[in-house]
Amino acid sequence: MKIVVCIKQVPDTKGGVKFNPDGTLDRGAMLTIMNPDDKAGLEAALKLKDQFGAEVTVVTMGLPKAEEVLREAMAMGADKGILVTDRVLGGADTWATSTTIAGALRNLEYDLIITGRQAIDGDTAQVGPQISEHLNIPVISYAQNIKVEGDSVIVERQFEDRYHVVKAKMPCLITALSELNEPRYMTPGGIFDAYSKEITVWGRADLKDVDDSNLGLKGSPTKIAKASDKVRKGAGEKVNLDPDESVSYIVGKLKEKHVI
Amino acid sequence: MDFTLSKEHEMARALFKEFSEKEVKPLAQEVDETETFPRETVEKMAKLGFLGIPVPKEYGGQGCDPLTYVMCVEELSKVCGTTGVIVSAHTSLCCDPIMTYGTEEQKQKYLIPLAKGEKLGAFGLTEPGAGTDAQGQQTKAVLDGDEWVLNGSKCFITNGKEADVYVIFAITGTVEKRGRMQKEISAFIVEKGTPGFTFGTKEKKMGIRGSSTYELIFTDCRIPKDNLLGQQGKGFNIAMHTLDGGRIGIAAQALGLAEGALETTIAYVKERKQFGRTIGAFQNTQFQLADMATKVQAAQMLVYKAAMKKAEYASNPKVSYSVEAAMAKLYAAEVAMEVTTKAVQLHGGYGYIREYDVERMMRDAKITEIYEGTSEVQRMVISGALLK
C-alpha cells in the first residue's frame, strides 16, 4: 500500500506574522510548524504503515526552507520526502497550489492521498478537495476516523452534530482533522536518519499535465486587496458586579456602542 | 570553530523541549511534593528512545552522539530535575559502562533492553563509609564455583528500587601497589530479584525528591560468574571512567536547572509590579539577569564541549574527557546553585513558596554540587591534570 501525505509548513501562531508588500505572507521571516491537520493526516498514514507496512511519502510545496517540515515528517516515520519548489510557483492561491500539487502527484503511484482539512494560515479547506478533482479521484473530507478494509477505506466524516460513515474504493483522497489522533513524537535516532536521507526536489519542469496559466501568483484567481496583522487589543475594563448589575451594565454598554 | 548547532541537533532539541513542556512540566510539582517516581513519564521516554540516546542502534539505542543525549537531560531538567537525573543515571552510569566494558553476551542480555527502555539501570559505588574515598569500600565479592557471592551495602543509589539492572562495585581481593596493600575492586552486573539482594530505607531528600534513592543490601547474594563487568581488579578504573561520563550528564542537569530558573525569572520580572513598575524595569534586576544569563551561557559551552570531547573518545579511545567533564560539572553545578538562588531572590517572598517552580529548582540544584563527585573532587581532578 502506498500513501502520499500532503503537508504544509505554516507560521507558528506563537510567533509574529509578517507580510510581503503584495499582501502575501513572508514565509521566510516567520517561525514555522507543521500544519496541525496535516500532522494528524501524517499520523493516520503512519498508523496504517504500522498496521499494513504501507510506504509513506510526504509532499510539500514551498520555499526551499520547507525541507524542514519534510525532515520532521521523516523523523516521525515517513519513508520519502518530496519538495516542490520553484520561483514561478510562488504566491499561489488554493487553485494554483492544488494544480501544482496534482501535477507533482501525477508522477507518483498511490493508493491513498491524505491532506489536512485546512491550514492554519489560509483556513480555506479547499486544496485537498481540489487536488482530488484534478486527479479525478473520490474525496472524503473532515475525517475523524480512518479504517482500511481490503481495497477500500471506511471513514467517519465529521458533520455538524453527528458523523457520516463513508466508504470509498482506493485510490481516493481523505482530508484529516486534527482531532483524528494524537500525532507521535519524532525519535532522536529518527531525526538523524531523516537528515541522512535524500529529499527529492521538483521544480516547474517536473510537474505533469499542468498549464503555466494556472501556476503561481499569475495563475491565482484570488486577488488580495489588503492584509494586516491582527490589531492588538487594549487591556480592557474589569468590573466586579453582582449578576443583576452585570446584566444592566453589559446591556448599557452594548447600547452605548449601538450594538443593540 | 563553529558555535552553531547542526540542523539535526536543533531538531532534537525542539523534540526534547516539546516533550518536556507537554509531558514533564505538568507533573514536576506533584512529583516533588509527593516524592513520586514518574513511572509513566519514564515509560513514555522509553517508547521514544530517550533511554538509549547514545547507544548504537545494533544494541537497541538511537545511535546519536553524546551532545544529543546531553541536550535531552538539559531540556528535561529545565522543567524537572528529577526526570533529568533518572535519564542521566540510567544512561551514563549503567548503559555506558556495559557498552564500554561489557562482553557481547552482556550487551545482548543487558544493554539492549536497557537502551530500549524496557529495563531501567542504576549504579552502586557509594557506601556509608566510602563516598569521595571510593577505595574505602567494604562490599565484598568472593568467587564460589561458578558464582560470585556479594556481601555488603551501597547507599544513596539513584533509581534505587525502580531499576532492574545494577552496576555494582565490590572488593575482590588485595593487591600490592607501590609497596602498599590496596583493595582490588571489580565491577559486576546484578539483576533486581536476585536472592540476597534487597533494599534498605528510602532516603528523604532536600531536592530531586521524585527520584528513587535507596540503600542496596547484599546478603550472600549469588550472581553468575559471567556477570563480572570488565576485567577482575579493574573496577576502580571502570568506576572513574564511568563517572567521567556521568559528570557530563549531571552537568547537563545542572545547566537545565539554571536555564529553567532563568527563563522562569525573566517571565516573572516582566509581570511583577512594585512601585508602579515591573521589577524588570529596575537596574538591579537587569544586572542580576545579565550576570545569570552570561554564566548560564558559559556553562552551556563547557557542557557541550565536554560532550563533544566524549564523542571524540568514541572514535579514538586514547582521548580523555576527564578534565572537560570535571570543568563542566564544577562550573554548571555552581552556576545552577547561584542562578537558582538569585531566581528565588528576584521572586521575593513568592520564590520561597512551594507553588513557585524556582523554590523547587533551588532545592534540586544543590545536589549537583555533591553527587557524582563533589565540586571539591572536580577541583582535584582539574588541578591534578594541571600539575601532572
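Visitor: What radius of gyration does chain B have, against the value for a compact globule with 388 residues?
Guide: This is a predicted model, and its chain B fits, by C-alpha atoms, in a box of roughly 80 × 45 × 40 Å along the principal axes. A compact globule with 388 residues would come out near 21 Å, and chain B agrees with that, because its own radius of gyration is 21 Å.

Visitor: What percentage of the contacts in chain B with a separation of 6 or more joins residues 24 or more positions apart?
Guide: Chain B is built from 10 helices and 10 strands, and 55% of its 388 residues count as buried. Among the contacts in chain B with a separation of 6 or more, the share that falls to residues 24 or more positions apart is 73%.

Visitor: Which residue of chain B touches V70(B), I248(B) and A332(B), among others?
Guide: The largest nonpolar core has 178 residues, and those with the most contacts inside it include F188(B), A258(B) and A332(B) on chain B, as well as V5(A) and I174(A) on chain A. Another residue with the most contacts in that core is V303(B). Leaving out residues up to four places away in sequence, A251(B), A252(B), L255(B) and A328(B) are touched along with V70(B), I248(B) and A332(B), and the residue that touches them is V303(B).

Visitor: How many of the 14 residues of helix α3(B) are buried?
Guide: Helix α3 of chain B covers residues 66-79 and reaches 21 Å from its first C-alpha to its last, close to the 20 Å expected for its 14 residues. The helix is mostly covered, and the count of buried residues among its 14 is 14.

Visitor: What is the count of buried residues in helix α6(A)?
Guide: Helix α6 of chain A, residues 243-256, also has 14 residues, and its reach of 20 Å is close to the 20 Å expected. After α6(A) comes H258(A), with a positive phi near 60 degrees. The helix itself is hardly covered, and its count of buried residues is zero.

Visitor: Which helix supplies the largest share of the side of chain A that touches chain B?
Guide: Where the chains meet, 11 residues of chain A are in contact with 14 residues of chain B. On the side of chain A, helices α2 (67-76) and α5 (188-196) each supply at least two residues. The largest share, five residues, comes from α5(A).

Visitor: Is L105(A) buried or exposed?
Guide: L105(A) lies in helix α3 of chain A, residues 94-105, and its contacts beyond four places in sequence are V4(A), Y110(A), I113(A), I131(A) and L135(A). Its C-alpha atom is 8.3 Å from that of L207(A), although the two are 102 residues apart along the chain. Because L105(A) has 24 C-beta neighbours inside 10 Å, and 20 or more are needed, it counts as buried.

Visitor: How many other C-beta atoms lie within 10 Å of I208(B)?
Guide: I208(B) is found in the loop between β6 (197-202) and β7 (214-224) of chain B, where it touches G81(B), T82(B), V85(B), D364(B) and I367(B), not counting residues up to four places away in sequence. I208(B) and E369(B) are 161 residues apart in sequence and 13 Å apart from C-alpha to C-alpha. I208(B) is buried, and the number of other C-beta atoms within 10 Å is 29.

Visitor: Which residue in the turn between β4(B) and β5(B) has a positive phi?
Guide: Strand β4 of chain B, residues 165-177, pairs in the parallel sense with β1 (residues 121-124) over four bridges, and F123(B) has V167(B) as its bridge partner there. With β5 (residues 180-191), β4(B) runs antiparallel and is joined by 12 bridges, one partnership being that of A170(B) with S186(B). These two strands form a hairpin with two residues between them, and the turn residue with a positive phi, about 50 degrees, is R178(B).

Visitor: Which residue takes a positive phi in the hairpin of β2(B) and β3(B)?
Guide: Strands β2 (residues 140-144) and β3 (residues 147-157) of chain B run antiparallel and are joined by five bridges, with L143(B) standing opposite W148(B) in β3(B). Two residues lie between the strands of this hairpin, and the residue with a positive phi, near 65 degrees, is G145(B).

Notes. Residues are numbered from 1 along each chain as its sequence is written. Chains are lettered from A and ligands numbered from 1 in the order in which they are written. This is a predicted model: local features need pLDDT of at least 70, side-chain atom pairs count only at pLDDT 80 or more; totals for chains, interfaces and linings use all residues. A nonpolar core is a set of buried Ala, Val, Leu, Ile, Met, Phe, Trp, Tyr and Cys residues joined through C-beta atoms within 7 Å. A residue is buried if 20 or more other C-beta atoms lie within 10 Å of its own, exposed if 12 or fewer, and partly exposed in between; C-beta atoms are placed from the backbone. Two residues are in contact if their C-beta atoms, placed from the backbone, lie within 7 Å. The expected span of a helix is 1.5 Å times one less than its number of residues. The radius of gyration is taken over C-alpha atoms; the globule rule is 2.2 Å times the number of residues to the power 0.38. Two strands pair if DSSP finds at least two bridges between them.
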